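Welcome! Have a look at the sequence and the 3D view, and then read on.

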Amino acid sequence: MAYTFTQYQESADRIKEKIGSFVPKVAMVLGSGLGFLGDIVEDPIAIPYGEIPHFKASTAPGHKGQLVFGTLAGKNVAVMQGRMHHYEGYEYDEVSYAVRVLRLLGCDTLIVTNAAGCVRTDWQAGDLMLITDQIKMFSESPLRGANLPEFGVRFPDASHLYTPRLQQIARETAADMFITLREGVYFYCYGPQYETPAEIRAVRILGGDAVGMSTAPEAIAAGHCGMEILGFTLLSNMAAGILDQPLSEKEVLDAAEAAKDKFSRLVLGCLRKI
Ligand code: HPA
């Protein structure tokens, strides 16, 4: 289904009734392992997705399904605890719906995090990667359908989807914290099956460094409506076929848990500086 601008406004208006004069500046869409940052927001106002018109539920394990407004690292934030994925059965405009609503509420920056498979054989599971670019060529765009000019143009430029200025802040923050930060291209595969070894070889040839099932749709929608974007990936496992062992959700969640401290320090450090 395609949403109308009025629907986005209705969602934003309902949220405004709850948050009053609070204006969020940074939208945060947090993947496996970092959802807890929503729990440490100061002066929090939590709104379950079910209470917001046109919002969808989030069914992925470990995703709470609420928006938390408040301050984090001195910034006014809107934290999405739980994102929507295409593999859950949502269309891409449903997956990215909240990003546009948060834009209407005042957010001009998007921080996205995810767990993904590591395509590079010279990197390791547990490493963190700064997303410098993305590839989402083999599935529809969240912008498909009538363009809503209130958000942006029909054919938006994506040459710097992940904002160079924010990438530089991330590099400096990681260096200050002695955190090794890889840099690379996030290759979107919609899942929910993990990739085959042949698909991973194809991803590598095509220029992907990490492979995952989220983030790219939200980034496209955020770029369209003029938001600055900072993205991080936790390389939770070596991608299919690199090691002679099956991939499992448990491996991903265990890696996310293990990286929680390092990952959250980096994200909060960047948030403080942007
Ligand atoms: N592939 C796709 N998505 C993922 C992976 C993976 O290996 N790990 C975590 N999310």
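What follows covers the ligand's surroundings and then one helix.

## About the model

This is a predicted model, in which local features need pLDDT of at least 70, side-chain atom pairs count only at pLDDT 80 or more, and totals for chains, interfaces and linings use all residues. Residues are numbered from 1 along each chain as its sequence is written, and side-chain values use heavy atoms, with hydrogens and water left out.

## Around the ligand

The residues surrounding the ligand (a heavy atom within 4 Å of it) include Ala115, Glu195, Met213, Asn237 and Val252. By class, this shell has seven nonpolar, four polar and one charged residues; here Ala, Val, Leu, Ile, Met, Phe, Trp, Tyr, Cys and Pro count as nonpolar, Asp, Glu, Lys and Arg as charged, and the others, Gly among them, as polar. Strand 5 (109-118) is one of the strands that supply at least two shell residues, and strand 5 gives the most, with three. Strands are DSSP E runs of at least two residues and helices are H or I runs of at least four, numbered from the N terminus.

A polar side-chain atom of Asn237 lies 2.7 Å from a nitrogen atom of the ligand. For Glu195, a polar side-chain atom is 2.8 Å from a ligand nitrogen atom.

## Helix 7

Helix 7 runs over residues 249-273. A kink of about 60° is centred on Lys260 (the angle between axes fitted to the seven residues ending there and the seven starting there) in helix 7. Val252, from the ligand shell, is among the helix 7 residues that are buried, meaning under 20% relative accessible area with a 1.4 Å probe, protein chains only.

Key
A polar contact is a pair of N or O atoms within 3.5 Å; within protein, one must be able to donate a hydrogen and the other to accept it, and residues adjacent in sequence count only if both atoms are side-chain atoms. The expected span of a helix is 1.5 Å times one less than its number of residues. Buried means under 20% relative accessible area, exposed over 50%, partly exposed in between (1.4 Å probe, protein chains only).
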